[in-house]
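Work through the exercises below with the model open. Try each task before you read its solution.

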Amino acid sequence: MDGIRDHISRLVHIYQEVFKNTTIVPVISADCDAGAMMRFPVVFPGKNRDEVLRRAEQYGLQLKSGWRATLSEQSDNSRFPNAVWASRNVTLVPLYTGLALKSAESLARSLVQTVRQLETR
């Protein structure tokens with residue numbers, strides 16, 4: 001278990017470093033237990049997430065958006081503003097135990113490049 005936690009923590013650190021000073025914003029607290037994470041949540045402020053995901057897929061990046069909608073009835077959405085925001089904005093970057101550190105860095109850099117290309121359009 002310690003080896004798995006260590007590997008996941010290293011992946012989280014790689015993503016944090018690559019996404020630093022970019023428009024990709026991690027959605028984790030500074031005191032989170034990085035080794036216990038299952039996915040690395042990010043958002044793309046000012047970008048259409050679906051467009052980012054479409055563009056990323058063209059470059060071979062298979063990312064999860066988690067949720068397309070909230071679990072509540074649409075008429076109840078005003079009662080759950082954070083859930084609505086998350087369902088429309090959060091993307092989950094993988095933290096697999098079998099994901100090599102170099103591959104995680106490559107994935108993160110490719111995502112940064114994908115988002116930058118959308119900014120120059």
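**Exercise 1: the two sides of H3**

Task: find which exposed residues sit on the face of H3 turned away from its buried side.

Solution. Those residues are Pro-81, Asn-82 and Arg-88. Exposed means over 50% relative accessible area, buried under 20%, partly exposed in between (1.4 Å probe, protein chains only). Helices (H or I, at least four residues) and strands (E, at least two) are DSSP runs, numbered from the N terminus. The model is predicted: local features need pLDDT of at least 70, side-chain atom pairs count only at pLDDT 80 or more, and totals for chains, interfaces and linings use all residues. Residues are numbered from 1 along each chain as its sequence is written, and side-chain values use heavy atoms, without hydrogens and water.

Next, take the buried side: Val-84, Ala-86 and Ser-87. They fall within an arc of 165° seen down the axis, so they line one face of H3. The arc is that of the directions from the helix axis to the C-beta atoms. Their cover includes H2.

**Exercise 2: H2**

Task: list the buried residues of H2 and say what covers them.

Solution. Start with the list: Arg-49, Val-52, Leu-53, Arg-55 and Ala-56. Their arc spans only 165° around the axis, which puts them on the same side of H2. The cover includes helix H3 (81-89), strand E3 (91-94) and H4, where contact means heavy atoms within 4.5 Å.

Now check the ends. Asn-48 caps the N-terminal end of H2, with a side-chain oxygen 2.8 Å from the backbone nitrogen of Asp-50. Just after H2, Gly-60 has a positive phi of about 85°.

Terms used. Polar contact = N/O pair within 3.5 Å; in protein donor to acceptor, adjacent residues only side chain to side chain.
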